[in-house]
Amino acid sequence: MTIVINWLAFLQVFVVALVGATVVVGLYAVGVRLLVRSGRVPVVAPAEFTDAITVITPKEAARAEKAAAKAARKSPLTNAQRTLAYVGACASFGLCGLVVLGGILLIVFNH
């Protein structure tokens, strides 16, 4: 019994995985950047983890939220530009989701 490896198929899977990961990360990064430019800075509440190295306190979270609100007020963009940046962020996140969904469908139905 000999094992034969189809190296061309292996290379195709590697390239598609690399390109797919790059596209998803790129779209997500663009979405977060546009979300920040639109004045909607994502502030995540602190979570308590066991054995965590650092956990921010509620005071630090309030300070970060205050700084985000101040940065949003200081934005040089007009309301129309902020709205356009927000729509772009939503579109980028939507495309990111579609790429992930397409990858899942490709795995499930192309076997």
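Helices here are DSSP runs of H or I with at least four residues, numbered from the N terminus. Leu 98 lies in one of them, helix H3. The model shown in every view is predicted.

**View 1. The whole chain is helical in its pattern, α-α-α**. The chain holds 3 helices and 0 strands. Helix H1 covers residues 7-37. Helix H2 covers residues 58-73. Helix H3 covers residues 79-109. Of the 111 residues of the chain, 11% count as buried. The close-ups below visit both buried and exposed sites.

**View 2. A nonpolar patch of about 900 Å² lies on the surface**. Its members are Leu 95, Leu 98, Val 100, Leu 101, Ile 104, Leu 105, Ile 107, Val 108 and Phe 109. Two of these leucines are picked out here. Leu 98 sits in helix H3 and has a relative accessibility of 55%. Leu 98 therefore counts as exposed, the cut-off being over 50%. Leu 101 is also placed in helix H3. Its relative accessible area is 44%, so Leu 101 is partly exposed.

**View 3. Leu 98 is paired in this view with Val 24, a residue distant in sequence**. The two are 74 residues apart along the chain. Their C-alpha atoms are 9.5 Å apart in space. Leu 98 belongs to helix H3 and to the nonpolar surface patch.

**View 4. Positive charge gathers in a surface patch**. Lys 66, Lys 70, Arg 73 and Lys 74 make up this patch. Arg 73 is located in helix H2. The relative accessibility of Arg 73 is 64%. Arg 73 counts as exposed because this value is over 50%.

**View 5. Ser 92 of helix H3 contacts the backbone of Gly 31**. The side chain of Ser 92 reaches the backbone nitrogen of Gly 31. The distance is 3.3 Å. Is Ser 92 buried or exposed? Ser 92 is buried, because its relative accessible area is 5% and the cut-off is under 20%.

**View 6. Ser 38 contacts the backbone of Leu 35**. Ser 38 is found in the loop between H1 and H2. A polar atom of the Ser 38 side chain lies 2.7 Å from the backbone oxygen of Leu 35. How accessible is Ser 38? The relative accessibility of Ser 38 is 5%, so this serine counts as buried.

**View 7. Arg 37 and Pro 76 are brought together in one frame**. Arg 37 lies in helix H1, which spans residues 7-37. Along the chain, Arg 37 and Pro 76 are 39 residues apart. Their C-alpha atoms are separated by 9.5 Å. Arg 37 has a relative accessible area of 34% and is therefore partly exposed.

How values were computed
Residues are numbered from 1 along each chain as its sequence is written. This is a predicted model: local features need pLDDT of at least 70, side-chain atom pairs count only at pLDDT 80 or more; totals for chains, interfaces and linings use all residues. Side-chain values use heavy atoms; hydrogens and water are left out. Patches are made of residues with over 30% relative accessible area and no salt bridge: like charges are joined within 9 Å, nonpolar side chains (Val, Leu, Ile, Met, Phe, Trp, Tyr) within 5 Å. Accessible areas come from the Shrake-Rupley method with a 1.4 Å probe; for residues, only the protein chains shown count as cover. A salt bridge is a side-chain nitrogen of Lys or Arg within 4 Å of a carboxyl oxygen of Asp or Glu. Lys and Arg count as positive and Asp and Glu as negative; His and the chain ends are not counted. The place of a charge is taken as NZ of Lys, CZ of Arg, CG of Asp or CD of Glu. Helices (H or I, at least four residues) and strands (E, at least two) are DSSP runs, numbered from the N terminus. Buried means under 20% relative accessible area, exposed over 50%, partly exposed in between (1.4 Å probe, protein chains only). A polar contact is a pair of N or O atoms within 3.5 Å; within protein, one must be able to donate a hydrogen and the other to accept it, and residues adjacent in sequence count only if both atoms are side-chain atoms.
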